Amino acid sequence: MNTATPGTTPDGTSAAHVAVEPSILYFGTPVVLLSTENENGSFNLAPMSSAWALGHVIVLGLGPEGQTAHNLRSRPDLVVNLPAPAQWPAVERLAPLTGRTPIPVEKRGAFRFEPDKFAAAGLRPEHSELVRPPRAAECPLQLEARAARVQPDASGTFLIVEAQVLKVHADPRIVVPGSQHIDPAAWSPLIYNFRHYYGLGPELGHSFRSRTPRRSH
């Protein structure tokens, strides 16, 4: 039976909270495409949506049996590619694919093996400067990185990867001219919200800590 907790909505009207048990907790997180190096020197490209940044460290949550996890355990170089909202079809083309063969038990029946993920997604590999895996050329933001720590999460179900970002590449159209800042008015990440794809809406405001120059409109 659901239980309710008294509360208020953002506009001040009364509301009640209902206790629920979602099957997943993707409560609005950015989608990234991870490129890593396979054992034979080819490259894998995989979508994931459990990523966040702390300074210049990117923390990733991965399934332990996928090809990306397999690669990062022994070859720590990677690229974190951030697609724009309009590129969600490319992400979804990758979603049912795996670069692992034989296909892991938990993926059998729902996934199929694909050795050339870039081609399957309709994306072009672009040479990286500091790491071996290529960047996804069409993605507006690309972070060359190296995994510093790969370890199980608290539940033992997933892997937590801490990767140090070495170099950031940005489409000039999303950079504030004459600065090193990404323009939040020009850049919108692709958001994975309870297994549905979204972009950002209009800006509501900015933090007092923001150092991004304000464009005149």
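What follows is a walk through the fold, the cores, one buried histidine and a few unusual spots on the backbone and surface.

The model is a predicted one. Strands dominate the list of elements, with 16 of them alongside 3 helices. The protein runs to 217 residues, and 38% of these count as buried. Looking at contacts between residues with a separation of 6 or more, 57% of them join residues that sit 24 or more positions apart. The accessible surface adds up to about 13,100 Å², and carbon and sulfur atoms hold 56% of that area.

Turning to the inside, the largest nonpolar core has 21 residues, and the ones touching the most other members are V32, L34, M48, L60, L78, V80 and L82. Five strands, namely β4 (32–37), β7 (57–62), β8 (77–82), β13 (141–152) and β14, each give two or more residues to this core. Strand β13 makes the largest contribution, with 4 residues. L60 gives a good idea of how such a member is surrounded. Once its neighbours within four places in sequence are set aside, L60 is in contact with L34, M48, S50, A51, L78, L159, I160 and V161. A separate core lies apart from this one; it has 14 residues, including A90, L94, L97 and A136.

Strand β14, which covers residues 159–170, also carries H169. Is this histidine buried or exposed? H169 counts as buried because its relative accessibility is 12%, and the cut-off for buried is under 20%. Its side chain has polar partners all the same. One polar contact, of 2.6 Å, links the side chain of H169 to that of E144, and another, of 3.2 Å, links it to the side chain of R135. Leaving out residues up to four places away in sequence, H169 touches E129, R135, P140, L141, Q142 and E144, so both polar partners show up again in this list.The backbone has some points of interest too. Between T101 and P102 the peptide bond is cis, its omega being near 0°. P102 belongs to the loop that runs between β9 (97–98) and β10 (112–113). Further along the chain, the loop between β15 (191–193) and β16 (196–198) holds F194, and R195 lies in the loop between β15 and β16 as well. Phi is positive at F194, near 50°, and it is positive at R195, near 65°. Neither residue is a glycine. As for cover, F194 is partly exposed, with a relative accessible area of 35%, while R195, at 49%, is also partly exposed.

F194 turns up once more on the outside of the protein. Together with L25 and F27, F194 makes a nonpolar surface patch of about 340 Å². L25 comes from the loop between β2 (14–18) and β3 (27–30). With a relative accessibility of 58%, L25 counts as exposed, since the cut-off for that label is over 50%.

Terms used. Residues numbered from 1 in each chain as written. Predicted model: local features only at pLDDT ≥ 70, side-chain atom pairs only at ≥ 80, totals over all residues. Heavy atoms only, no water. Patch = residues over 30% accessible without salt bridge, like charges linked within 9 Å, V, L, I, M, F, W, Y side chains within 5 Å. Areas by Shrake-Rupley, 256 points an atom, 1.4 Å probe, with all protein chains shown as cover. Salt bridge = Lys/Arg side-chain N within 4 Å of Asp/Glu carboxyl O. Buried < 20%, exposed > 50% of the residue type's maximum accessible area, 1.4 Å probe, protein only. Polar contact = N/O pair within 3.5 Å; in protein donor to acceptor, adjacent residues only side chain to side chain. Contact = heavy atoms within 4.5 Å. Core = buried A, V, L, I, M, F, W, Y, C linked by side-chain atoms within 4.5 Å.
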